[in-house]
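Reader: I'm new to this and would love a close look at one small part. Could you take me through it and then show me what's around it?

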Amino acid sequence: MKKMKFLSCAGILASLLLGGCSSPEPSKPTPEPPAPKEKAPMVFVFSGQSNMEGNTDVGNNGAYLTNALEALGITDGEDCFTGIKSVMTSYYGNGYGELDRNNYNTGGQSSAGRQPHASNTEDKIKGKFLPTKIGMGHTDSQMGPELGCAYALKDLASEEEPIYFVKMCSSGSGFAQSGSSAEGKNWEVKTADGTVVEHNLYSDFLKPYLQNNLDLIEQETGKKPVVKGWLWHQGESDGGEKAKRDAYARRLGDLIDTFRTDFSSYAPDEEGENIAFIDGLPYEGGTSLAGAEGAKELNDIRIAEAEKDDMRFIVDTYANLEHKEENLLKVSGEGSTQGVHYNTKDCFKLGMAFGQVIIDNNLLD
């Protein structure tokens, strides 16, 4: 909690009275006011699997999103279609996680339908910032939570000094995926002796992608950016088996530690532990990939871990952590795909919930 000093009215009055009783002093030149400290560009990183990548349809010409905004009572959402210029997003969704590290393309199963979707179409891993809008999900007709988050924050930044989102996600990814292409499906994983598996989504993709985008921001603004927070929505792939759930806290903790260490020079006050980790809990309904009980157990583990770290925050799929069925963000309805992806309205609400955590915890200061 930040502490602020206030000069009381009595103190101000006393200083005025003392000044009035003193003998006049020779006038002194008015000192130049200190130059305002330049504000560093603020960056928030988005990672996870399909619900963060963005597998929610917006409908023809955005019709599903139009309906969602009306249902939410939002009347100033036009720039969700044209682009929110005060929040710029660079995105790279690499498909189903079966990756060819040489050309940043998908390979193996479903490759025909799971091509990477990126803001930089010429060099996907390099990154490119665009005003945040629909189509920054898995395809041009889909979206993820970045849109609702950008809407929540849009009036707290400007075109001249925008907030930057860097989004790199992989559908179907986890910490303990198996199979011939498991290396490409997993985030950083440490073996029992502490050795990091050589090829993983973090070291091969997120780390270089984020660095490329940080360089782009510095080139564009002339200022070194600061990574304020890492937004995470993943766990469906790790919640179905007890062994994976039991290891999740350690594996996720290892990944957060690695990230904070690697990007400490971009952290607030250059202290890695000051980078907020905002954990969006996976859906807990009956159609969850982990099953309702498995998803709840995994989420309870994550809530407990967040309580140990002042810079870890929770975004629940239930409103205000109140586990009431009517508050559950839904994966069925307009825009939902495959029964496990949020519908359009609730995907937008999830993004707004991420944004509210940023606002409520003063992460824009």
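What does Gln338 count as, buried or exposed?

Author: Quick housekeeping before we dig in. This is a predicted model, where local features need pLDDT of at least 70 and side-chain atom pairs count only at pLDDT 80 or more, while totals for chains, interfaces and linings use all residues. Residues are numbered from 1 along each chain as its sequence is written, and side-chain values use heavy atoms, with hydrogens and water left out.

On to your residue: Gln338 counts as exposed, at 66% relative accessibility. (Exposed means over 50% relative accessible area, buried means under 20%, and partly exposed is in between, using a 1.4 Å probe and protein chains only.) Look for Gln338 in the loop between β12 (312–315) and α10. Gln338 isn't a glycine, yet its phi is positive, at about 60°.

Glu270 makes a nice companion: its phi is near 55°, a positive value in a residue other than glycine. Glu270 sits in the loop between α8 (242–262) and β11 (276–280), and it is exposed, with a relative accessible area of 52%.

Those labels are DSSP runs numbered from the N terminus: helices are H or I with at least four residues, strands are E with at least two. The chain has ten helices and twelve strands, and 51% of its 365 residues count as buried.

Now follow your loop into α10 (residues 344–360), whose axis comes within 6 Å of that of α5 (residues 146–153), crossing at roughly 45°. (Axes are lines fitted to C-alpha atoms, for helices over the stretch in contact, with angles from 0 to 180 degrees between N-to-C directions.) That angle makes α5 oblique to α10, since under 35 degrees is roughly parallel, over 145 roughly antiparallel, 65 to 115 roughly perpendicular, and the rest oblique. Among the residues in contact (heavy atoms within 4.5 Å) are Leu147 and Tyr151 of α5, and Phe348 and Ile358 of α10. By class, this contact has ten nonpolar, three polar and no charged residues. (Ala, Val, Leu, Ile, Met, Phe, Trp, Tyr, Cys and Pro are nonpolar, Asp, Glu, Lys and Arg charged, and the others, Gly among them, polar.)

And the helix leading to Glu270's loop? The axes of α8 and α7 (residues 201–221) come within 12 Å and cross at roughly 35°. Tyr202, Leu206, Lys207 and Leu210 in α7 meet Leu255, Thr258, Phe259 and Asp262 in α8, a contact of five nonpolar, one polar and two charged residues.
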